[in-house]
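Please find below a colleague's note on the structure shown here. The points are numbered, and each may be read against the coordinates.

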Amino acid sequence: MLAASLRMHAYQVDTASDGVEALEYLSANGAPDVVLLDMQMPRLDGHGTITAIRRHPRLRGIKVMAVSGADPAALQPPAGDRGIDRWFSKPLNPPAFLRMLECELAHG
């Protein structure tokens, strides 16, 4: 639903079903403006995906934002240049999420 909502607002969106697929996509394609990442995924979770992105020389500067129903305090995701740039809690308020995403991208 999030991808469809973003497409309706003229964002170009590509999706991956898990962290392994996301890393394969990122390695094979140009770096996107932002990665929206669920923290609880099969095969490779959010922590592993973030760590791999931040270790990759071409990808480490990408904005990575968690979009998750999990409690950030329980997962303790890394933040800043070694982790996520922003946490969005589910359920999302689509208009508010879009405003915050636009703001984050504008301050790129």
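Which helices and strands each supply at least two residues of the lining of the largest pocket?

1. Elements around the pocket. The model under review is a predicted one. In it, the elements that each supply at least two residues of the pocket lining are helix 1, helix 2, strand 1 and helix 5. Helix 5 contributes the most, namely five residues.

2. Volume and character of the pocket. The largest pocket has a volume of about 1,100 Å³. Its lining comprises 32 residues, and those closest to the pocket centre are L6, V13, D14, T15 and L36. By residue class, the lining divides into 23 nonpolar, four polar and five charged residues.

3. L6. This residue lies in helix 1 and is among those closest to the centre of the largest pocket. L6 has a relative accessible area of 5% and is therefore buried, the cut-off being under 20%. Leaving aside residues up to four places away in sequence, L6 touches Y11, V13, L36, F97, L98 and L101. Two of the residues just named, V13 and L36, are likewise listed among the closest to the pocket centre. L6 and L98 are separated by 92 residues in sequence, yet their C-alpha atoms are 7.9 Å apart.

4. Geometry and packing of helix 5. The helix covers residues 94–106, which makes 13 residues. At 1.5 Å a residue these should span 18 Å, and the end C-alpha atoms are indeed 18 Å apart, so the expected and modelled values agree. Buried positions in helix 5 are A96, F97, L98, L101 and E104. The partners against which these buried residues pack are helix 1 (2–8), strand 1 (34–37), strand 2 (63–68) and strand 3 (86–89). As general background, an α-helix has 3.6 residues a turn, so residues three or four places apart point the same way.

5. E104. Is E104, a residue of helix 5, buried or exposed? Its relative accessibility is 17%, so E104 counts as buried, because the cut-off is under 20%. With residues up to four places away in sequence not counted, E104 touches K63, M65 and R86. A reader inspecting the side chain of E104 may wish to view it together with these three contacts.

6. Backbone features in loops. K90 and P91 are joined by a cis peptide bond, with omega at about 0°; P91 belongs to the loop between strand 3 and helix 5. Two residues that are not glycines have a positive phi: A10, at about 70°, and R43, at about 65°. A10 is located in the loop between helix 1 and helix 2, whereas R43 is in the loop between strand 1 and helix 3 (46–55). A10 is exposed, with a relative accessible area of 73%, and R43 is exposed as well, at 62%.

7. Confidence. Over the chain, the average pLDDT is 90, and 99% of the residues score at least 70. Confidence is highest in helix 2 (residues 19–28), at a mean of 95, and lowest in helix 4 (residues 72–75), at 82. In general, where pLDDT is low, the predicted coordinates should not be read in detail.

How values were computed: Residues are numbered from 1 along each chain as its sequence is written. This is a predicted model: local features need pLDDT of at least 70, side-chain atom pairs count only at pLDDT 80 or more; totals for chains, interfaces and linings use all residues. Side-chain values use heavy atoms; hydrogens and water are left out. Helices (H or I, at least four residues) and strands (E, at least two) are DSSP runs, numbered from the N terminus. The expected span of a helix is 1.5 Å times one less than its number of residues. Buried means under 20% relative accessible area, exposed over 50%, partly exposed in between (1.4 Å probe, protein chains only). Contact means heavy atoms within 4.5 Å. pLDDT is the predictor's confidence in each residue, from 0 to 100. On a 1 Å grid over the protein atoms alone, a cavity is a set of points where a 1.4 Å probe fits but cannot get out, and a pocket is an open set with protein on both sides within 12 Å along at least five of seven lines; lining residues have an atom within 4 Å of a point. Grid points are joined across faces, edges and corners, and a volume is the space filled by probe spheres set on the points. Ala, Val, Leu, Ile, Met, Phe, Trp, Tyr, Cys and Pro count as nonpolar, Asp, Glu, Lys and Arg as charged, and the others, Gly among them, as polar.
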